[in-house]
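Here is a friendly walk through one protein model, arranged by topic so that you can follow along in your viewer. Have the sequence and the coordinates open side by side.

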Amino acid sequence: MTSPTASPSPAPPPFGRALCAMVTPFTDDGLLDLDGAQLLAERLVADGCDGIVLSGTTGESPTTSDGEKAALVRAVAEAVGDRAAIVAGVGSFATRHTLEMAQQAEKAGADALLVVTPYYSKPPQDAVEAHFLEVADASGLPLALYDIPGRTGTRIEPETMMRLAEHPRIVAVKDCAYDLMGTQKVLSQTDLAYYTGCDELILALYAVGGVGYISTVSNVVPRHLRSVIDAFDAGDTAGARRLQHQAMELIELTMDSGLPGTVTTKALLGALGLPGGPVRAPLRPAGREATDRLLAAYEALRQAA
């Protein structure tokens, strides 16, 4: 009688499970605050973040220069060393510029790249595919594709995603498409590591085969959000559900209050005395009322936890 063969263990997530989409700290006069970035990154890693994503949506990438992006990668890599993966956002609406930023990030010390779908011009799917393949060939770093059609105007369709998964350096997805059917279709057909970029879906995507999250709210409560997936991994699904629900008021106020997540996150970081600083125009700071609501939700979450 043949003994059953054990199923192989799944590969570990390429960048860990708990990643923070870190804000880009600025000084009061709007300059890049590298000291603040190092302090914030060190806090995030100490409180459970496996990776730091720089120059994404939350990092105000449209309003930072290429030089600032490279300096930010160097500073954060110096601060956290090999304790966390550094994933550099290098996406833009132009393929040539994206290639240049990918090579720059690699030289600056990034461990991986986050590449958003080209925005504004709404390229068709064959052009989207060609764009990502060019970027994947331009450096030796692994890529996470950033699927956020609500901002870019263009979806990475599941069929396109499955073809892109054949490239050896395209290994992950930051999923903000709000399409669990399409996501599960890709998960069932590829080895792509899916990270939710929507804090309200941390537990939902993890439960159907995602590997973790790239979170904005974790700038403020990294340990709590990490505890959601830790509880699930430990088999405590009821506890994971409770922890996710506890965070929902803060998640909603941060991500769905009518203000961009960067604005609300920086308001709360400032109120807590943590590095963040102002936002850059055209964004405007949160008002006192919005900041007070965020603080109240933060304190309620602390009490609940």
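C176 is a buried cysteine, with a relative accessible area of 9%. Keep in mind as you read that this is a predicted model. The points below start with the cysteines and then move on to charged pairs, aromatic pairs and helix packing.

**Cysteines**

- The structure holds 0 disulfides.
- C176 takes part in no disulfide, and its nearest cysteine sulfur, that of C198, is 4.1 Å away. A disulfide requires the two sulfur atoms to be within 2.5 Å.
- C49 is in no disulfide either, with the sulfur of C20 as its nearest cysteine sulfur at 5.0 Å.
- C49 counts as buried, at 3% relative accessibility.

**Salt bridges**

- How many salt bridges does the structure hold? The count is 14.
- K266 and E60 form one of them, with their closest N and O atoms 2.7 Å apart. This pair links distant parts of the chain, since K266 sits in helix α12 and E60 in the loop between β2 (51–54) and α2 (66–80), 206 residues apart. K266 and E60 are both buried.
- E68 and R280 form another, and here the closest N and O atoms are 2.8 Å apart. E68 belongs to helix α2 and R280 to the loop between α12 and α13, so this salt bridge ties together parts that are 212 residues apart in sequence. Both partners, E68 and R280, are buried.
- D179 and R155 meet through their side chains in a salt bridge of 3.0 Å, N to O. D179 is in the loop between β6 (170–175) and α7 (180–189), and R155 is in the loop between α5 (149–152) and α6 (158–164), so the pair ties together parts that are 24 residues apart in sequence.
- In that pair, D179 counts as partly exposed at 24% relative accessibility, whereas R155 is buried with a relative accessible area of 17%.
- D50, R226 and D230 are joined into one network by salt bridges that share partners.

**A buried aspartate without a salt bridge**

- D33 is found in the loop between β1 (18–21) and α1 (34–46).
- What is the nearest side chain of opposite charge to D33, and how far away is it? It is K266, at 8.9 Å, and D33 is buried yet has no salt bridge. The cut-off for a salt bridge is 4 Å.
- A polar atom of the D33 side chain does lie 2.9 Å from the backbone nitrogen of G36.
- Not counting residues up to four places away in sequence, D33 touches P25, F26 and T27.

**Aromatic pairs**

- A search of the whole structure finds 3 aromatic pairs.
- F15 and Y195 are stacked, at 6.0 Å centre to centre and with 20° between the planes. F15 lies in the segment before β1 and Y195 in strand β7 (residues 193–196), so the pair ties together parts that are 180 residues apart in sequence.
- F15 is buried, with a relative accessible area of 6%, and Y195 is buried too, with a relative accessible area of 1%.
- F93 and Y119 are edge-to-face, at 5.4 Å centre to centre and with 85° between the planes. F93 lies in the loop between β3 (85–89) and α3 (95–108) and Y119 in the loop between β4 (112–116) and α4 (125–138), so this pair ties together parts that are 26 residues apart in sequence.
- F93 counts as exposed at 53% relative accessibility, while Y119 counts as partly exposed at 25%.

**Helices α11 and α12**

- L250, I251, L253 and T254 are buried in helix α11 (residues 248–255).
- Which helices do the buried residues of α11 pack against? They pack against α10 (237–246), α12 (261–271) and α13 (288–304).
- M248 also lies in helix α11, and at 29% relative accessibility M248 counts as partly exposed.
- T262 lies in helix α12 and counts as buried at 5% relative accessibility.
- The side chain of T262 reaches the backbone oxygen of T57 at 3.4 Å.
- Leaving aside neighbours within four places in sequence, T262 is in contact with T57, T58, E60, V279 and L283. E60, one of these contacts, is also the salt-bridge partner of K266.

Notes. Residues are numbered from 1 along each chain as its sequence is written. This is a predicted model: local features need pLDDT of at least 70, side-chain atom pairs count only at pLDDT 80 or more; totals for chains, interfaces and linings use all residues. Side-chain values use heavy atoms; hydrogens and water are left out. Helices (H or I, at least four residues) and strands (E, at least two) are DSSP runs, numbered from the N terminus. Buried means under 20% relative accessible area, exposed over 50%, partly exposed in between (1.4 Å probe, protein chains only). Lys and Arg count as positive and Asp and Glu as negative; His and the chain ends are not counted. A polar contact is a pair of N or O atoms within 3.5 Å; within protein, one must be able to donate a hydrogen and the other to accept it, and residues adjacent in sequence count only if both atoms are side-chain atoms. Contact means heavy atoms within 4.5 Å. Rings of Phe, Tyr and Trp (its six-membered ring) pair if their centres lie within 6.5 Å; planes under 30 degrees apart count as stacked, over 60 as edge-to-face and the rest as tilted.
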